[in-house]
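Hi everyone, thanks for coming. I'd like to walk you through a structure today, one stop at a time, so please have the picture in front of you.

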Amino acid sequence: MSGVGKGVAVASIAKILQSKGYEVTAVKIDPYVNIDAGTMNPTEHGEVFVLDDGMECDQDMGNYERFLNKSLSSANYMTTGSVYMSLINKERALEFGGKNVEVVPHVPLEVIGKINNAAKKEKAEIIITEIGGTVGEYQNILFLEAVRMLKLRKHNDVALVLVSYLPQQGDESELKTKPTQYAVKTLNSAGLQPDIILARAKIQLDAKRKDKIAFNCGLEKNAVISAPDIKSIYEIPINFEKDKLSNILLKKLDLKAKKKDMKDWQKLIANIKSAKKSVKIGVVGKYFFTGSFVLSDSYISVIEAIKHASYSNGRKPEIHWLSSSDFDVKETNTKKIRENLKNLKNYDGIIIPGGFGSRGVEGKIEVIKYLRENKIPFLGLCYGMQLATIEFARNVVGLKNAHTTEVNPKTPYPVIDILPEQKKIVEDKNYGATMRLGAYPALIRANSIAQTAYRNTSLEKESIKLRKKYGTPKDEILVFERHRHRYEVNPEYIKKIERKGLVFSGASPDGRLMEILELPQKAHPFFVATQFHPEFKSRPLQPHPLFKEFIKASIKK
Ligand code: GLN
């Protein structure tokens with residue numbers, strides 16, 4: 001079933017097997033016809049996660065990277081659409097030599113081909129594949145067929161784990177096992193029998209219910225694993241191991257543990273648990289509300305990055321959602337806006353994350369102005385950096401009505417614009433090709449907050465070998481960060497803006513694209529924004545340096 005934590009379960013299993021000394025990778029299968037997650041609205045589908053190679057994919061890929069502590073590629077992600085697309089491309093290229101191409105077996109075989117390809121590319125010994133959606137729905141039946149074929153071919157190399165939810169009616173009552181029994185029956189009718197069941201529920205599964213599931217579903221008793229709600233998702237691998245998940249899984253796969261080590265992870269959990277004092281961070285966005293529910297999923301990587309940085313600073317993060325419309329004259333009266341702005345002083349730091357379009361933009365610009373003038377720590381991400389540039393251009397440089405051409409194509413001062421080289425592509429309505437997607441190099445200037453943050457971190461180290469290739473000056477740092485945007489700081493305004501004190505401390509190696517802006521520390525304790533999305537590269541074992549510095553500054557406040 002979707003939304004029960006399958007992605008985190010997969011990431012946790014991957015982490016556990018990695019800790020047993022195996023090279024592990026994880027693949028996500030989304031049942032959508034969309035080729036990727038690029039065109040999906042965040043309130044529909046949660047955050048769009050971006051990989052180094054520019055793949056726009058499901059947020060679960062972020063969980064895999066965070067738990068495995070390594071970067072994955074587009075080989076690790078597929079959708080119904082992408083499977084059909086590659087199959088059809090093969091057919092058009094005459095790769096079937098005149099044969100009929102059929103939904104079965106060719107679609108499942110294409111799926112298997114993609115899984116194998118990911119394993120090869122990642123040099124993985126074990127590959128965990130997540131099949132999205134719910135057992136019994138039409139959409140994923142061909143993926144289940146792929147599992148059946150795989151298992152038929154290599155019985156001892158494939159283990160099937162069913163993540164099932166056990167409802168509870170009221171706090172005192174027992175967990176209900178019937179839906180799980182029914183799910184297994186449905187799986188059976190697809191020719192599959194689970195080897196392990198992860199019993200997701202509010203609470204711990206008791207022995208009686210375990211027996212019941214094992215007996216009715218035809219599993220060994222120890223193959224039913226309790227997976228109760230838990231405070232921090234990072235505790236899940238350790239929790240699974242309490243039920244000895246790795247023993248059962250390795251046995252099913254005919255493998256032995258090569259080593260036994262989750263020390264790094266245990267230390268992380270100890271850090272999380274020992275943090276007593278909190279740090280209060282506000283996130284100003286617009287993708288929070290769907291009907292009457294709050295949807296923090298749209299910013300999941302931002303949230304996780306805040307957590308990683310807070311834990312590593314010995315603090316408990318306290319994250320609050322602020323709606324940009326509460327600061328926007330179009331949606332809120334000025335008196336209330338003034339009150340809302342004043343309330344920003346109650347936060348230790350404020351983040352303005354990425355976004356698209358015009359809704360909420362003026363509200364965010366008001367917030368940035370207030371943060372700048374009142375010296376409240378500010379971290380801007382992507383749109384957050386573009387809006388910080390606009391705010392500075394309007395209120396400090398004096399360029400009245402400066403704007404991004406995304407919102408106002410007729411602005412007299414297009415400080416954020418599409419660069420000439422991209423304009424032609426947009427005119428041809430080829431929007432898909434106009435985004436800057438994936439990892440690009442950035443050089444970080446000496447004597448900047450950004451450089452202090454990045455120095456001696458894993459992000460600096462991972463690109464050391466490439467310094468020469470990008471002509472990195474001695475006193476600068478080269479990093480690769482992930483992008484997902486169409487607009488850029490307009491090079492025509494850079495000098496004008498810098499003259500008034502804003503510093504572009506990171507830029508592309510050719511100096512054309514601005515990557516980081518900041519105010520010098522003597523002017524503001526922490527005012528930093530990035531054109532890229534640092535949150536995509538933050539990991540619990542390697543918090544992102546800019547988030548770390550931001551949290552540090554917030555704690556100081
Ligand atoms: N809308 C902006 C752009 O396209 C920023 C995108 C973002 O924040 N990811 O450039």
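Before the tour, one term: when I say that two residues touch, I mean that they have heavy atoms within 4.5 Å. And please keep in mind that what you see is a predicted model.

Let's begin with glutamine 193. You'll find it in the loop between α7 (178-189) and β7. What does glutamine 193 touch, not counting residues up to four places away in sequence? The list is Leu160, Val184, Asn188, Cys217, Gly218 and Leu219. Two of these names come back when we look at polar atoms. The side chain of glutamine 193 makes a polar contact of 2.9 Å with the side chain of asparagine 188. A polar atom of the glutamine 193 side chain also lies 2.8 Å from the backbone oxygen of cysteine 217. Is glutamine 193 buried or partly exposed? Its relative accessible area is 30%, so it counts as partly exposed. For a sense of scale, the C-alpha atoms of glutamine 193 and glutamate 488 are 52 Å apart, with their positions 295 residues apart along the chain.

From that loop we can step into the sheet. Three strands make up an open sheet, in the order β6-β7-β8, with parallel pairing. At the edges sit β6 (161-165) and β8, each of which pairs on one side only. From one strand to the next, the twist averages 25°. Helix α8 (residues 207-217) packs on this sheet and touches β7 and β8, and its direction makes about 135° with that of β8. Looking at one pairing in detail, β6 and β7 (residues 196-201) are joined in the parallel sense over five bridges. One residue to click on is tyrosine 165, whose bridge partner in β7 is arginine 200.

Now follow the chain past β8. Isoleucine 233 belongs to the loop between β8 (224-228) and α9 (236-242). Leaving out residues up to four places away in sequence, isoleucine 233 touches Val8, Asn63, Phe67 and Glu304. Take valine 8: it is 225 residues from isoleucine 233 along the chain, yet their C-alpha atoms are separated by 7.2 Å. The relative accessibility of isoleucine 233 is 23%, so we call it partly exposed.

Next stop, strand β18. It covers residues 477-485, and nine of its nine residues are buried, so the strand is largely enclosed by the rest of the structure. Both faces are covered: Ile477, Val479, Glu481, His483 and His485 are buried on one side, and Leu478, Phe480, Arg482 and Arg484 on the other. Its antiparallel partner is β17 (residues 436-444), and the two pair over nine bridges. Within that pairing, arginine 436 is matched with histidine 485.

That brings us to the ligand. Which residues surround the ligand? Among them are Gly354, Phe356, Cys382, Glu406, Arg484, His485, Tyr487 and His533. Three others in the shell have polar atoms to point at. Glycine 355 has a polar backbone atom 2.9 Å from a nitrogen atom of the ligand. Tyrosine 383 has a backbone N or O atom 3.0 Å from a ligand oxygen. Glutamine 386 uses its side chain, with an N or O atom 3.0 Å from an oxygen of the ligand. Taken alone, the ligand exposes 300 Å², and the protein buries 98% of that. The elements giving two or more residues to this shell are α15 (383-397) and β18.

That's the tour, and I'm happy to go back to any stop.

Key
Residues are numbered from 1 along each chain as its sequence is written. This is a predicted model: local features need pLDDT of at least 70, side-chain atom pairs count only at pLDDT 80 or more; totals for chains, interfaces and linings use all residues. Side-chain values use heavy atoms; hydrogens and water are left out. Buried means under 20% relative accessible area, exposed over 50%, partly exposed in between (1.4 Å probe, protein chains only). Helices (H or I, at least four residues) and strands (E, at least two) are DSSP runs, numbered from the N terminus. Two strands pair if DSSP finds at least two bridges between them. Axes are lines fitted to C-alpha atoms, for helices over the stretch in contact, and angles run from 0 to 180 degrees between N-to-C directions. A residue is near a molecule or strand if one of its heavy atoms lies within 4 Å of it. A polar contact is a pair of N or O atoms within 3.5 Å; within protein, one must be able to donate a hydrogen and the other to accept it, and residues adjacent in sequence count only if both atoms are side-chain atoms. Accessible areas come from the Shrake-Rupley method with a 1.4 Å probe; for residues, only the protein chains shown count as cover.
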